[in-house]
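Please open the model in your viewer and keep the selection panel to hand. The stops below are meant to be followed in order, each with something to select and something to look for.

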Amino acid sequence: MNEKLDKTDLAILAELQKNGRLTNKELASAIHLSPTPTFERVKRLEREGYIRKYVAILDADKLDCGFVAFCYLKMKQHTFENATQIMEAVKKIPEIVECYNISGDYDFLLKIYTHDMKSYQKFLLRILGEIDCIGSLNSSFVLGEIKNDNLLPF
């Protein structure tokens with residue numbers, strides 16, 4: 001754990017992880033501190049990058065993009081140029097919500113949201129198929145979500 005963070009900082013982070021919409025007054029009450037030092041600590045945590053951003057977690061099914069696939073990519077050749085091309089391409093593709101450079105049999109792991117299997121097939125052919133440095137890919141499909149709470153265990 002970073003020595004710059006004390007118990008109060010960790011309490012702030014824990015509360016904001018659970019509910020990023022807490023008012024400063026609500027947060028101060030939850031961590032048993034007055035509002036002014038709470039506000040100053042939150043601003044410092046933001047400034048120092050412990051809090052990167054605040055987001056709303058949306059319901060993918062209600063937005064008709066609840067078909068989730070994990071796609072493992074392998075580069076044709078392991079070169080800096082190929083890796084860079086893939087990383088730059090995936091940053092521009094909205095269906096890809098997460099991308100990791102991984103070790104093992106594959107080079108990248110993508111988390112992809114689409115409408116259904118047919119739209120995923122079109123996505124593979126029209127979007128990923130256009131990235132010529134991809135050698136092969138393997139897809140796995142989410143049958144059901146067991147846990148997705150986005151809370152870091154610190």
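**The largest pocket**

Begin with helix α1, which gives the most to the lining of the largest pocket, with 5 residues. Bear in mind throughout that this is a predicted model. Colouring α1, β1, β2 (96–101), β3 and α5 picks out elements that each supply at least two residues of the lining of the largest pocket. The space in this pocket comes to about 2200 Å³. To centre the view there, select Val55, Ala56, Ile57, Asn148 and Asn150, which are the closest to the pocket's centre of the 49 residues that line it.

**The largest nonpolar core**

Next, select Leu73, Ile86, Ile96, Leu110, Ile112, Leu128 and Ile131, which touch the most other members among the 20 residues of the largest nonpolar core. At least two residues of this core come from each of β1 (67–75), α4, β3 (108–114) and α5 (117–126), and β1 gives the most, with 5 residues. Such a grouping fits a broader pattern: in soluble globular proteins, nonpolar side chains tend to be buried together.

Which residues does Ile131 contact, once its neighbours within four places in sequence are left aside? Show its surroundings and you should find Gln85, Ile86, Ala89 and Ile93.

**Helix α2 and its surroundings**

Now move to helix α2 (residues 24–31) and select Leu27, Ala28 and Ile31, which are its buried residues. Look down the axis of α2: the buried residues fall within an arc of 100 degrees, so they line one face of the helix. On the face turned away from that buried side, α2 carries the exposed residues Lys25 and Ser29. If you then display α1 and α3 (35–47), you will see part of what covers the buried residues of α2. Step on to His32, which follows α2 and has a positive phi, near 60 degrees.

**Salt bridges**

For the last part of the tour, turn to the charged side chains, where a search of the whole structure finds 9 salt bridges.

Select Lys18 and Glu15, which form a salt bridge with their closest N and O atoms 3.5 Å apart. Both residues lie in helix α1 (residues 7–18), 3 residues apart, about one turn of the helix. Lys18 counts as exposed at 57% relative accessibility, whereas Glu15, with a relative accessible area of 22%, is partly exposed.

Then go to Glu88 and Lys91, a salt bridge in which the closest N and O atoms are 3.4 Å apart. How far apart in helix α4 (residues 80–91) are Glu88 and Lys91? They are 3 residues apart, a separation of about one helical turn. An α-helix has 3.6 residues a turn, so residues three or four places apart point the same way. Glu88 is partly exposed at 38% relative accessibility, while Lys91 counts as exposed at 64%.

Finally, select Lys147 and Asp149, whose side chains meet in a salt bridge of 3.8 Å, N to O. Lys147 is exposed, its relative accessible area being 66%, and Asp149 counts as partly exposed at 37% relative accessibility. To finish, select Asp6, Asp9, Arg41, Arg44 and Glu48 together, since salt bridges that share partners join these residues into one network.

Terms used: Residues are numbered from 1 along each chain as its sequence is written. This is a predicted model: local features need pLDDT of at least 70, side-chain atom pairs count only at pLDDT 80 or more; totals for chains, interfaces and linings use all residues. Side-chain values use heavy atoms; hydrogens and water are left out. A salt bridge is a side-chain nitrogen of Lys or Arg within 4 Å of a carboxyl oxygen of Asp or Glu. Helices (H or I, at least four residues) and strands (E, at least two) are DSSP runs, numbered from the N terminus. Buried means under 20% relative accessible area, exposed over 50%, partly exposed in between (1.4 Å probe, protein chains only). A nonpolar core is a set of buried Ala, Val, Leu, Ile, Met, Phe, Trp, Tyr and Cys residues joined through side-chain atoms within 4.5 Å. Contact means heavy atoms within 4.5 Å. The arc is that of the directions from the helix axis to the C-beta atoms. On a 1 Å grid over the protein atoms alone, a cavity is a set of points where a 1.4 Å probe fits but cannot get out, and a pocket is an open set with protein on both sides within 12 Å along at least five of seven lines; lining residues have an atom within 4 Å of a point. Grid points are joined across faces, edges and corners, and a volume is the space filled by probe spheres set on the points.
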